[in-house]
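Here is a walk through one protein chain. Keep the sequence and the 3D view side by side as you read.

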Amino acid sequence: MNEHEYPDAEIDGDFDVIEAGEPAAPRAPAPLAADDTGTGKPRLCLMGEFSAGKSTLSNLLLGEAALPVNVTATQLPPIWISHGDEAPYRVDLDGEEYELDLERLTDVSVEDTSHIRIFRDAPFLEHCDLIDMPGISDPNMDADVWQRVLPMADMIVWCTHATQAWRQSEAAVWNTIAPGLQARSLLLLTRMDKILSERDRARVVKRVGRETKGLFHGLFPISLTRAMAAGDDAGKWAESGAADFEEALLAQLGAIAEGRADAAAEAAAAATPDRVVMPARIRPRPLAARRTARTSGHDAA
Ligand SMILES: Nc1nc2c(ncn2[C@@H]2O[C@H](COP(=O)(O)OP(=O)(O)OP(=O)(O)O)[C@@H](O)[C@H]2O)c(=O)[nH]1
Ligand SMILES: [Mg+2]
């Protein structure tokens with residue numbers, strides 16, 4: 001919680017606010033999707049209702065606008081952003097890849113596109129791949145558009161609009177998410193700056209905390225616009241709610257990456273006995289064979 005901006009939520013012992021504790025141990029690394037091009041990093045999906053702040057959050061994390069500004073108001077497929085400077089491309093529903101001119105993103109057919117891959121040199125992308133999803137209940141957007149990318153997620157940051165937070169439509173979608181993935185994910189209450197009284201801010205945090213208890217690893221109220229405007233001002237960054245959220249997010253991504261590393265190490269360890277046993281089993285044979293041959297030779301001599 002942010003002690004500068006939402007003190008009530010901390011002081012009043014009545015509040016049932018979910019705090020981020022130790023990063024949840026990832027239960028199993030998500031299987032790599034067939035069309036994964038494999039950076040090997042955890043994949044963080046940004047989800048929520050349309051206009052909840054997903055793309056603003058993506059820009060905040062990257063420190064730059066991921067896409068040209070002229071396309072922000074258009075219907076876009078999931079935008080999968082990885083570290084690097086490769087050329088962007090579009091992946092269709094069969095996994096075929098096509099060159100893409102980002103200035104002509106508006107021409108992309110959402111129905112025929114699984115996702116768009118773009119690459120940025122942002123330090124945040126050293127921790128994970130970021131997938132900016134279209135809104136879940138956008139009336140102009142079929143649910144398939146985000147559902148087909150969802151199996152690739154290792155972690156979700158769900159953005160919910162503080163002034164109308166955690167609607168039934170959001171809860172209904174969240175119910176379809178695997179419990180292990182839920183437990184690794186964070187809930188972000190965006191647009192906290194739109195709630196003017198401290199009491200009302202505390203109230204919404206309390207209510208949403210209660211309604212989502214056990215469904216997320218942590219709940220974080222934030223003003224994305226104030227976080228954007230904070231620049232290098234650490235006080236303003238913390239006041240916006242961004243500092244606490246960033247810390248929890250990086251801890252979760254670290255835990256997921258470690259889980260993957262552990263799983264890879266376990267797989268390697270499981271494979272090791274075969275590699276050790278095989279030569280040991282094989283080696284004596286030629287030795288035995290040579291001895292037999294020598295023996296036979298000696299015997300023969
Ligand atoms: N005041 C305020 N405005 C915000 C905040 N977060 C996002 N916005 C604004 O809300 C509008 C929509 O934000 P986006 O980031 O585009 O939302 P989105 O979830 O990506 O929307 P879709 O991709 O259309 O589903 C933009 O004008 C943002 O500037 C916030 O915390 N406070
Ligand atoms: Mg968006």
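What polar contact joins the side chains of histidine 115 and serine 114? The contact has a length of 2.7 Å. Keep in mind that this is a predicted model. Histidine 115 sits in strand β5. Histidine 115 counts as buried because its relative accessible area is 1%, against a cut-off of under 20%. The chain also brings valine 91 to histidine 115: they are 24 residues apart along the chain, yet their C-alpha atoms are separated by 5.5 Å.

Now step back to the whole chain. The protein chain holds 10 helices and nine strands. Of its 301 residues, 45% count as buried. Take the contacts with a separation of 6 or more: residues 24 or more positions apart account for 77% of them. The accessible surface comes to about 15,300 Å². Carbon and sulfur atoms hold 51% of that surface.

Go next to strand β2, residues 79-83, where serine 82 lies. Is serine 82 buried or exposed? Serine 82 is buried, with a relative accessible area of 0%. Its side chain makes a polar contact of 3.0 Å with the side chain of aspartate 129. Leaving out residues up to four places away in sequence, serine 82 touches Thr39, Arg117, Ile118, Phe119, Arg120, Leu125 and Asp129.

The nonpolar interior comes next. The largest nonpolar core has 38 residues. Those that touch the most other members are Leu44, Leu57, Leu130, Val157, Leu188, Phe245 and Leu249. Several elements each supply at least two residues of this core: β1 (43-48), α2 (54-62), β2, β5 (113-120), β7 (155-161), β8 (186-190), α7 (224-230) and α9 (242-282). Helix α9 gives the most, with six residues. Apart from this core lies another, of 29 residues. Its members include Cys45, Met152, Trp166 and Val205.

Follow leucine 57 for a closer look. Beyond residues up to four places away in sequence, leucine 57 touches Leu46, Val157, Cys159, Leu188, Leu224 and Phe245. In α2, the buried residues are Lys54, Leu57, Ser58, Leu60, Leu61 and Leu62. After α2 comes glycine 63, with a positive phi near 75°.

Helix α2 also leads to a pocket. How much space lies in the second largest pocket? About 370 Å³. Its lining has 21 residues, and Leu60, Leu61, Gly63, Trp237 and Glu246 lie nearest its centre. Two or more lining residues come from each of α2, α7, α8 (234-239) and α9.

Finish with two loops and their backbone angles. Most residues other than glycine have a negative phi. Serine 51 has a positive value, near 70°. Serine 51 lies in the loop between β1 and α2. Why does serine 51 count as partly exposed? Its relative accessible area is 49%, and partly exposed covers values between the buried limit of 20% and the exposed limit of 50%. Arginine 191 also has a positive phi, near 60°. Look for arginine 191 in the loop between β8 and α6 (198-211). Arginine 191 is partly exposed, with a relative accessible area of 29%.

Methods:
Residues are numbered from 1 along each chain as its sequence is written. Chains are lettered from A and ligands numbered from 1 in the order in which they are written. This is a predicted model: local features need pLDDT of at least 70, side-chain atom pairs count only at pLDDT 80 or more; totals for chains, interfaces and linings use all residues. Side-chain values use heavy atoms; hydrogens and water are left out. Helices (H or I, at least four residues) and strands (E, at least two) are DSSP runs, numbered from the N terminus. Buried means under 20% relative accessible area, exposed over 50%, partly exposed in between (1.4 Å probe, protein chains only). Contact means heavy atoms within 4.5 Å. Accessible areas come from the Shrake-Rupley method with a 1.4 Å probe; for residues, only the protein chains shown count as cover. A polar contact is a pair of N or O atoms within 3.5 Å; within protein, one must be able to donate a hydrogen and the other to accept it, and residues adjacent in sequence count only if both atoms are side-chain atoms. A nonpolar core is a set of buried Ala, Val, Leu, Ile, Met, Phe, Trp, Tyr and Cys residues joined through side-chain atoms within 4.5 Å. On a 1 Å grid over the protein atoms alone, a cavity is a set of points where a 1.4 Å probe fits but cannot get out, and a pocket is an open set with protein on both sides within 12 Å along at least five of seven lines; lining residues have an atom within 4 Å of a point. Grid points are joined across faces, edges and corners, and a volume is the space filled by probe spheres set on the points.
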